[in-house]
Amino acid sequence: MTESTGFKQLLINLGYDPVEGFGEGRKIAILAALALLLFITACIAVVMGAYNITITDVYRTILVHLTFGDITALPKLHNTIIWDIRVPRIILAISVGGALAIAGAVFQGVFRNPLVEPYILGVSSGAAFGAALGIVFPAIFFSIQLSAFVFGALAVTLAYILARVRGETPIITLILAGVIIGSIFAALVSLLKYTANDTALREIVFWLMGGFYYATWNDILLLTPAVIVSFVVLWALGWKLNILSMGDDEARTLGVNPERYKFVVIAFATAITAFAVSLVGIIAWVGLMMPHASRMILGPDNRFVIPASLMMGGCYLILCDTLARTLTTAEIPVGILTSILGAPYLCYLLRNKGRAVFG
């Protein structure tokens, strides 16, 4: 599929340098390499931890579960550490990293800005407020995860409604609406922190830092199917996202209804972001760094950026989570590590003005 002249001109205006011979075959090979890298990263992470278990015992335990073997023959402690703690954490890290990276790729495409992240419309502040309500008022909001998801989705919905003007949703207005709604929910979180008792305050702060401390198979059953469905839908709409990235007027010229597709892709991206945040707290930078890194490797075509972002986001969060649980005897919140590693990367983006070089 050849790019239109208008799309090529857009790439030039954005600072991309198309490379001759960098075709779809080569991009597919890169995606396969990223998938292999994700698998290798997960295999390495599962054998690392504070409790020393041999590599043979680790993979034997996993193999017994995967082949429906005799679980009772396994050492109970090994089975608990590997199958009930490490494996769910790794799978959840892949799901959360993939969800945030996919959402980041979508928002960057819709807003036509490589420095946009999934929290731009206030989903993180809304989810934080919902989680804080669940912590401070457990009798009313019986589920912290459900409350965080509902208020995260509500924040984006309010931002979208606020930005709606005469049947259209201008990008600048949508961003400003997201900033306003996010600020309101952030202030409400501060109010709850001010009124909470010491125990609730510690729990709120701990939740805000993000982490996979309590990862379970139930969390995976909740999040992973949502990520898979959203990934399939957004990947199928990747070429529409390419057109949206050219601007609303160009999209209409090419026969695409920008409002309809903006609503669809933002809705799916918001849903998986709110889902991820509700389960593990706020983890920054993944949705900003990984899509941009994907574009540096594969170019701006969202049909390739979206799957690459998913795999790179999974690799990055596996790495951060492995460091979080192995660097010290006390586990470090993952959100701290992603922020520490992400700040130098943002400096790099700013210094290079978002210019991508690939091929």
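**Exercise 1.** Compare the expected span of H4 with the distance between its end C-alpha atoms.

Solution. Helices are DSSP runs of H or I of at least four residues, numbered from the N terminus. The expected span is 1.5 Å times one less than the number of residues. For the 36 residues of H4 this should give 52 Å; the end C-alpha atoms are 51 Å apart, which agrees.

The model is predicted: local features need pLDDT of at least 70, side-chain atom pairs count only at pLDDT 80 or more, and totals for chains, interfaces and linings use all residues. Residues are numbered from 1 along each chain as its sequence is written, and side-chain values use heavy atoms, with hydrogens and water left out.

**Exercise 2.** Decide whether H4 is largely enclosed by the rest of the structure or not.

Solution. Buried means under 20% relative accessible area (1.4 Å probe, protein chains only). Of the 36 residues of H4, 29 are buried, so the helix is largely enclosed by the rest of the structure.

**Exercise 3.** Describe how H4 packs with H12.

Solution. Take the axes as lines fitted to C-alpha atoms over the stretch in contact, with angles from 0 to 180 degrees between N-to-C directions. H4 (residues 76-111) and H12 (residues 258-280) then pack at about 150 degrees, their axes 9 Å apart. Contact means heavy atoms within 4.5 Å. Among the contributors are Leu92 and Phe107 of H4 and Lys262 and Ile266 of H12.

**Exercise 4.** Classify Gly287 as buried or exposed, and locate its contacts.

Solution. Gly287 is in helix H13 (residues 286-298). Its relative accessibility is 3%, so Gly287 counts as buried. Beyond neighbours within four places in sequence, its contacts include Leu100, Gly104 and Glu117.

Methods. Helices (H or I, at least four residues) and strands (E, at least two) are DSSP runs, numbered from the N terminus. Buried means under 20% relative accessible area, exposed over 50%, partly exposed in between (1.4 Å probe, protein chains only).
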